[in-house]
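Work through the exercises below with the coordinates open. Try each task before reading its solution.

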Amino acid sequence: MDKFYYFNDNNIRYTIGTYYKDGVIINSSSSKEKGFIYYVDSIKHVVTTSKFNNTDMSHTHVLIMFSAVFHGNANVLNIIVPKWVLAPPKGGWKQFPPDINWKGAELDTAYMKKMNLEIP
């Protein structure tokens with residue numbers, strides 16, 4: 001159902017999730033999970049994943065793929081967002097952000113100049 005409704009090509013959006021805590025999901029295979037918070041239209045959502053269990057989360061931002069139809073339906077992608085990307089555009093990106101050079105995001109231009117990064 002996800003493929004046909006929530007995550008078809010027209011409904012996929014991308015945003016930034018912020019790490020907030022570790023936890024354990026109790027299910028048939030009890031697994032360690034990391035939780036991430038993301039906002040769509042000023043509404044807070046939470047998504048968990050085990051993808052970063054062996055990763056230091058001192059840099060706390062990751063890329064989240066969510067549904068434009070049901071914002072709470074989301075997946076954490078295995079991509080850490082660059083430190084100079086501060087916030088996504090309202091409503092998220094319609095394209096995979098690295099392919100569009102983080103267009104529409106709020107950027108930390110002072111940090112980018114300090115690190116000699118090209119400003120998009």
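**Exercise 1. A lysine in a strand**

In which strand does K34 lie? Then decide whether K34 is buried or exposed, and list its contacts beyond four places in sequence.

Solution. Bear in mind that the model is predicted.
- Step 1: place the residue. K34 belongs to strand β2, residues 31–40.
- Step 2: read the accessibility. K34 has 7% relative accessibility. The limit for buried is under 20%, so K34 counts as buried.
- Step 3: collect the contacts. With neighbours within four places in sequence left aside, K34 touches Y19, K21 and D22. The list goes on with V47, T48, T49, F52, N53, T55 and M57.

**Exercise 2. The chain as a whole**

State how many helices and strands the protein chain has, and give their order. Add what share of residues is buried.

Solution.
- Step 1: count the elements. The protein chain holds 2 helices and 7 strands.
- Step 2: order them. Along the sequence the pattern reads α-β-β-β-β-β-β-β-α.
- Step 3: take the burial. Of the 120 residues in the protein chain, 34% are buried.
- Step 4: check the contact range. Take the contacts in the protein chain between residues at least 6 apart in sequence; 46% of these join residues at least 24 apart.

**Exercise 3. Strand β4 and its partner**

Describe how β4 and β5 pair, and find the residue in β5 that stands opposite I64.

Solution.
- Step 1: look at cover. Strand β4 spans residues 61–67, and 6 of its 7 residues are buried.
- Step 2: find the link. A hairpin of 6 residues connects β4 to β5.
- Step 3: get the sense. β4 pairs with strand β5, residues 74–80, in the antiparallel sense over 4 bridges.
- Step 4: match the residues. I64 faces V76 in β5.

**Exercise 4. Two nonpolar cores**

Which residues of the largest nonpolar core touch the most other members? Which strand gives the largest share of this core?

Solution.
- Step 1: take the members. The largest nonpolar core has 14 residues, and those touching the most other members are Y14, L63, M65, V81, V85, W93 and W102.
- Step 2: assign strands. β1 (12–25) and β4 each supply at least two residues of this core. The largest share comes from β1, with 3 residues.
- Step 3: separate the other core. Another core of 11 residues lies apart from this one; Y38, V47, F52 and I64 are among them.
- Step 4: go back to M65. Beyond four places in sequence, M65 touches F7, I12, R13, Y14, N73, A74, N75 and L77.

**Exercise 5. Aromatic pairs**

How many aromatic pairs are there? Classify the pair of Y19 and F36 and the pair of Y38 and F66.

Solution. A pair of aromatic rings is described by the distance of the centres and the angle of the planes.
- Step 1: take the total. There are 4 aromatic pairs.
- Step 2: classify Y19 and F36. Their ring centres lie 6.0 Å apart and their planes stand at 65 degrees, so this pair is edge-to-face.
- Step 3: locate that pair. Y19 sits in strand β1 and F36 in strand β2, 17 residues apart.
- Step 4: compare exposure. Y19 is partly exposed at 22% relative accessible area, whereas F36 is buried at 0%.
- Step 5: classify Y38 and F66. The centres are 6.1 Å apart with 35 degrees between the planes, and this pair is tilted.
- Step 6: locate that pair too. Y38 is in strand β2 and F66 in strand β4, 28 residues apart. Y38 is buried at 0% relative accessible area, and F66 is buried at 1%.

**Exercise 6. The largest pocket**

Which residues lie nearest the centre of the largest pocket, and which element gives the most to its lining?

Solution.
- Step 1: take the volume. The largest pocket holds about 210 Å³ of space.
- Step 2: read the lining. It consists of 18 residues, with T15, Y39, V40, P88 and P89 nearest the centre.
- Step 3: group by element. β1, β2, β4 and β6 (85–87) each give two or more residues to the lining. β2 gives the most, with 4 residues.

**Exercise 7. A loop serine**

Find where S50 lies and which residues it contacts beyond four places in sequence.

Solution.
- Step 1: place S50. This residue lies in the loop between β3 (43–49) and β4.
- Step 2: read the accessibility. S50 is partly exposed, at 38% relative accessibility.
- Step 3: find the contacts. S50 touches K32 and E33, leaving aside neighbours within four places in sequence.
- Step 4: compare the separations. S50 and S31 are 19 residues apart in sequence, with a C-alpha to C-alpha distance of 7.4 Å.

Technical notes:
Residues numbered from 1 in each chain as written. Predicted model: local features only at pLDDT ≥ 70, side-chain atom pairs only at ≥ 80, totals over all residues. Heavy atoms only, no water. Buried < 20%, exposed > 50% of the residue type's maximum accessible area, 1.4 Å probe, protein only. Pairing = 2+ DSSP bridges. Contact = heavy atoms within 4.5 Å. Core = buried A, V, L, I, M, F, W, Y, C linked by side-chain atoms within 4.5 Å. Phe/Tyr/Trp six-rings, centres within 6.5 Å; stacked < 30°, edge-to-face > 60°. 1 Å grid on protein atoms, 1.4 Å probe; cavity = no way out; pocket = protein on both sides within 12 Å on 5 of 7 lines; lining within 4 Å. Points joined across faces, edges and corners; volume = space filled by probe spheres on them.
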